[in-house]
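Student: Please take a close look at one small sheet in this model. Then follow with a few other local features.

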Amino acid sequence: MSLLKSLTSNSSAFNFKPSQSTIAQTSPYRVLLRTACSSSRRTNSIDLFYSRGISSVKVVSFSNISNYCTYSRDNVCSSKRRSRGPVMAGKKASEGIKQEDGKYKHTVDLPKTTFGMRANSSVREPEIQKIWEENQVFKKVVEKNSGGNFILHDGPPYANGDLHIGHALNKILKDIINRYKCHKCVQQEMYPCLIPHAHFSHSPFLSLFHTSLPLALLSLSLFLTSHTSFIPMYYQIYYIVIDYVQKLSLDQKARNDLTPLKLRAKAAKFAKETVKKQMSSFKRYGVWADWNDPYLTLDPEYEAAQIEVFGQMALKGYIYRGRKPVHWSPSSRTALAEAELEYPEKHVSRSIYAIFRVVAAPLAPSSLLQEFPNLCLAVWTTTPWTIPANAAVAVNPKLEYAVVEVKSLQDQDPSSGGTIKKGLGLVLKDEKKPFLIVASELVPSLEAKWGVKLVVKTRQLGSDLENYRYIHPIDNRECPVVIGGDYITTETGTGLVHTAPGHGQEDYVTGQKYGLPILSPVDDDGKFTEEAGQFSGLDVLGEGNTAVVKYLDEHLSLILEESYEHKYPYDWRTKKPTIFRATEQWFASVEGFRHAAMDAIGHVKWVPPQAENRISAMTASRSDWCISRQRTWGVPIPVFYHLQSREPLMNEETIDHIKSIVSQKGSDAWWYMTVEDLLPAKYRDKAAEYEKGTDTMDVWFDSGSSWAAVLGKRDSLSYPADLYLEGTDQHRGWFQSSLLTSVATKGKAPYSSVLTHGFVLDEKGFKMSKSLGNVVDPRFVIEGGKNQKEAPAYGADVLRLWVSSVDYTGDVMIGPQILRQMSEVYRKLRGTLRYLLANLHDWKTEYTVPYHELPRIDQHALFQLENVVKNIQGNYESYQFFKIFQILQRFVIVDLSNFYFDVAKDRLYVGGSTSYTRKTCQTVLAAHLLSIVRIIAPILPHLAEDVWQNLPFQYITQDGSVAEYVFESRWPISNERWLSLPVEEINFWENILELRTEVNRVLEVARTGKLIGASLDAKVHIHTSDAGLASQLWKLCEAKNEADTLHRLFITSQAEIVPSLNDEHIANIPYSGECLIQGKNKVWIGISRAVGSKCERCWNYSQQVGSFMDHPTLCSRCYDVVALQMPSEVAAVS
């Protein structure tokens, strides 16, 4: 079978028709040949016009951010003196430079291409995107896909406003996967997502609507209905009008007129403008999608699907209303989910050591009170404001506790020195000091902290303290000592825990066990209610805290107050601290389906694998999910309350009725329709007895229902999705909320695989911050800054190349130096593709040489190429893009540029336009061009398309159509014949490449010694005692195919195998060296001047120069080439 047939049937690599480029020749991007030739030496590391033999590149894993550095001259021979005579002569001729010798310049086959070395990305990339858009390339490719389905469901919230580098990382990763699947002819769906979240300060007037953040939820997913569709974007946006409202100087009347419906309308408008802006940015990144056909979570269909999920969970008994402590944001005046919190490192709380006086002991033969009448429980808390809600003190039953006597103050005042502010309580200064109960293990540390001597009087287990009773220090209630859980430790505090079930989850659980009252005398604004008595109206995180501490001290209940720096939950929108507060909320009972959720996690493929441990731990320890929010935006919880009993009305009939209304009119209907209209006919006669609920659903319930609203409602889609891909923070966010809603209603996870990426840091490993000035804006990376020298416009492809280079499973780094490195790698890759294009300018299909007729060097080159394609495909499949980057970098710069391209230039340029050796080389170059451009297309789509539009031939697909665009060409199909190169042949070429490196070293020494200039001035002498290696080298010296001859591989004029080192002429060889090949075969290398005269055309030395009367300055090879192109009489006249 011919190579052409093999390529056509197996890999569709060669089937061409001569054609004009599909881009107009007048395009400003096109570079004239003269310009390209004259500038290539300056810009092209591969260099199309003379050999520079780029040195090897060290490929360093990008998990630690690699640097690209060339080997020193000590390691690799400098290539400046490589043979370049005929090429330079032709180059000078093309530039119009006058030469003394140049009569054969027109016989040299110089590279020709209009593909520029400079990317000009700020102009060219938008041009290419316009070509894709105008010709509906994505749609055409999708319609032709016939493979299996692949669904990448895009998710959750993004920050409001302009996109940052983290968004670029996320969306480009998704686009690489999408484009690869598209290239592989897979029927694939993806849901790109844009979800800006708001971070705005509190606006007081908004309390009119019981919310300080009137954000409405929008989700947009651009949907493409056919085959490999990329469904752009499941956008979930918080519409933010606070900013808009605050900028307006509204009087009170205008503010009063801003009803919830008007507010929602303004929010929707604001959000859509943000979506439009962010959509434009994603397009500029090169993200492919059907941007003209979006869907929004604001759409009635999505909202109805969300209510359906809620209803299914409610009917299964997983939804309930209860009074429990939840994260509450006073600045937003709403409950928050864990995923809506952030934990700054250096929050400072006012921590106190307080004492509660014991007044009663359980019935027992002996009692501590009998021996120690002035006995107190010592507790520690970082939230003094919760003391009014105290209902118990909890102890660990397994810990040992000590009754200690407080002696006089030590000499050192604990309030002095250090950066921690301390204040001793009045009780320690009182003459009558109490006996205290503390954990025995903590006695030494408490002595040091309080500055007192603690004398241990007796010890007891915590279990023995259960049911002791104490007087509440503020309202004189009797409260019990109870048994707590493992959360009570001796790491900090006293070993006894102040327990307020209305202000803590663990406290609540303990309180439920003992039937403790759930006290929470705090309102929506974070201020004490009248229930708190004298503290009523005070801000609990401010003056209320201070007042409680002062009261305790004045009543001899405070031992010590000190500042305490720790992590503390903040509202991620307002950036203000939150509190734990018991309120009436709607909850999803995770306990009801926790086991099923844990089982579902085990059936999902997690990338990286350790992600499974993270989400498993979070799910296993998760308390019930608070799903209600006190806001006017979002999807309402479809519940009605009886005006008298406050009993909720919510059943299958009412939920289905609300769902049908919302599906037609949207969730705004909840605000403008009456209770009578919202109730099913069965209940309308009792409408006057009910009112609508005002709570809306948690935003994470919104996004967590996307699998139902998208996968479950589109005919072309299926459930579960093949892949979810987001940042690692989504283990507690979208990944988990989607898992819980799906498992609760469907019994399985909504995804088969989950891939997570880390955060983006600066190139020093620091978190990006405007204050530090280390923020990398993706827009500036693409378009450049004001100072283009300091902040050049790299284009989208360099940004995408960076994404492919990093090991995203951990945190990744980016900065100016890294971007420069990426730009250099991109330049070299572009140079390689330009080299291929330029040397195929005259190639035709009929020139294709069958595989079995190719020289050995060419067969080995195809073996390497096919291995690269196979390995890269495997890494695309496993989402290990950084390995693709490393493989490409080494293959392009080392395997191709430093060897094959270097050696190939001789037969390409001076071997003759129609020569067999040139045709074989072009056959291999065409295979490389078509493979490389297609395997880089998912990562560098603009570069790949740019190359494709400059192909000097048409590519015919397997179905006989012309691939006008690179993604119509499909992924290269595996060619097993190229991979079947015998092991002996593979090992042979490894020996040759290693030997060539050693020869280059000795050539460099000879050049430094002025024996030679270019390598063609040299003759190489090789001796080895290894018979097998010597035989192989002899065969190369005598090879019938000139491309395989040893001196061509070394780029020298001659090479010989020396049978013995005892010959007399060996002693006269001026430069020599020895080396070990493969660490075992000793080889001697000698360098002498080449014999014969220098050929004027190819600059090789030959004893045949001068043998031809009509062309006396040519070698026999050049004579044969020139004789066909220049009649003898023309040569004589010259």
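Tutor: F640 sits opposite L649, a residue of β29. The model is predicted. The pairing here joins β28, residues 640-642, to β29. It is antiparallel and runs over 2 bridges. These strands belong to an open sheet of 3 strands, ordered β29-β28-β30, with antiparallel pairing. The edges are β29 (648-649) and β30 (690-692). Each has a single partner strand, so one side of each has no neighbour in the sheet.

Now a helix. α24 spans residues 796-805 and is mostly covered, with 10 of its 10 residues buried. Charged residues are on the buried list too, including D797 and R800. Also listed are W802, L799, L801, V798 and V803, among others.

Next, a buried acid. E945 lies in helix α29, residues 941-949. E945 is buried, yet it has no salt bridge. Why not? The cut-off is 4 Å between a Lys or Arg side-chain nitrogen and a carboxyl oxygen. The nearest side chain of opposite charge, R179, is 6.9 Å from E945. Leaving aside residues up to four places away in sequence, E945 touches I128, W132, E964, Y965 and V966.

Last, an annotated stretch. An unreviewed UniProt entry lists residues 1092-1121 as "domain: Zinc finger FPG/IleRS-type". Over residues 1092-1121 the model chain is 20% helix and 13% strand. The end C-alpha atoms of that stretch are 20 Å apart.

Definitions and conventions. Residues are numbered from 1 along each chain as its sequence is written. This is a predicted model: local features need pLDDT of at least 70, side-chain atom pairs count only at pLDDT 80 or more; totals for chains, interfaces and linings use all residues. Side-chain values use heavy atoms; hydrogens and water are left out. Buried means under 20% relative accessible area, exposed over 50%, partly exposed in between (1.4 Å probe, protein chains only). Helices (H or I, at least four residues) and strands (E, at least two) are DSSP runs, numbered from the N terminus. UniProt positions are given in the numbering used here, feature names are shortened, and annotations may be inferred rather than shown by experiment. Lys and Arg count as positive and Asp and Glu as negative; His and the chain ends are not counted. Contact means heavy atoms within 4.5 Å. Two strands pair if DSSP finds at least two bridges between them.
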